[in-house]
Amino acid sequence: MTPTMRYSAGTRYEAPHVFPEYSPDHEFRVLNWEDWRFWRDNGYLVIRDLIPKEQCEELIKVTCDFLEVQQDNPNSWYSITPRSSEDPTPKSIAGMTELYHHQAIWNNRQFPKVYDVFFDLWGTEKLWTTIDRVNMNLPNQNGWDFGGFLHWDVELDQLLATRNIQGVLSLNDNDTGMGGLQIIPTLFQQLESWLEGQPKGRSRMLEEKVDFEVINVPSKAGDLVIWDTRMAHGTSPNRSSIPRFAQYLSMCPAEPEHDELLEIRLASFANQTRPEKSGNKISGTAGFRKESDFCPKAELTELGKRLLGAQPW
């Protein structure tokens, strides 16, 4: 029996991709040999100053406008209750905000230097961008209580065979304790032996304490943090006094031969909705505000059209 194909952010995390092999004299577009070695050895990398701060500030403004809050008014931040099945607001307790196709989001996806980074990482020009959300992780105050989480985005029985890249773009400076990305690099390095001791069919959520150090990854506005999909990762609690703003952003080898996946991506852009399959929710919940009522359809560059799949490579 053929397993059901799983999609996330308009891509297949479990697709049989292969990371390239490079030599020290390889000519990178953005990265360098030391970056590459760190990435392969540790399973994550911070790429500094990738996006202009003006674009980051614009997307922060857009996110606040979409949520109908004021960035400089803390009392307004908590006017939206966390999303639930009974109350489908556009933001979860972890800050995941159901905004996918605003022009400010696409400006970052189709920024040439971002594309060049993922060309370095994958060794191919034929890439698709993820179609993912933005994040406004609120400080734990005024009754808002988010404890953070750690998980994997693929089933554990497929984890060792998975080769994919996930990423998050910091829109404002994100210090330790401010609700940014948390990961466990030492578990990544010992993943195979750790998995041998896990029960079959265990949850993708890492809710128990483990004998590995969990680190928060500090970053500045415009930095992109990437991690190997085999890395346990998640959003940390925000114990600061200001929100953490971010955009989830990555790329992977294009798969235009998968008609269903391409149709999902093109429909998501055309309808300004999350990527979804036959009405099944693939990423997030619609919330009470339609994106098409909030903003016009984004204009794509020639690169953007190829990254979406609207034009072939």
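This report describes a sheet with its packed helix, and then the cysteines, in a predicted model.

**The sheet and helix 1**

The strands of a sheet are paired by backbone hydrogen bonds, in either a parallel or an antiparallel manner. In this model, six strands form an open sheet in the order 1-8-5-10-4-2, and their pairing is antiparallel. The edges are occupied by strand 1 (44-47) and strand 2 (96-97); each has a single partner strand, so one side of each lacks a neighbour in the sheet. The partner of strand 1 is strand 8 (residues 224-228), to which strand 1 is joined by four bridges in an antiparallel arrangement. Within this pair, valine 46 lies opposite valine 225 of strand 8. Helix 1 (residues 33-42) packs on the sheet and touches strand 1, strand 8 and strand 5 (165-170). The direction of helix 1 makes about 145° with that of strand 1.

**The cysteines**

A disulfide covalently links the sulfur atoms of two cysteines. A search of the whole structure finds zero disulfides. For cysteine 56, the closest cysteine sulfur is that of cysteine 64, at 14 Å; a bond is therefore excluded, because this is too far and a disulfide requires sulfur atoms within 2.5 Å. Cysteine 295 is likewise in no disulfide, and its nearest cysteine sulfur also belongs to cysteine 64. The table gives the values for these two residues.

| Residue | Nearest cysteine sulfur | Distance | Relative accessibility | State |
|---|---|---|---|---|
| Cysteine 56 | Cysteine 64 | 14 Å | 0% | buried |
| Cysteine 295 | Cysteine 64 | 15 Å | 5% | buried |

Methods. Residues numbered from 1 in each chain as written. Predicted model: local features only at pLDDT ≥ 70, side-chain atom pairs only at ≥ 80, totals over all residues. Heavy atoms only, no water. Pairing = 2+ DSSP bridges. Helix = DSSP H or I, 4+ residues; strand = E, 2+ residues; numbered from the N terminus. Contact = heavy atoms within 4.5 Å. Axes fitted to C-alpha atoms, helices over the stretch in contact; angles between N-to-C directions. Buried < 20%, exposed > 50% of the residue type's maximum accessible area, 1.4 Å probe, protein only.
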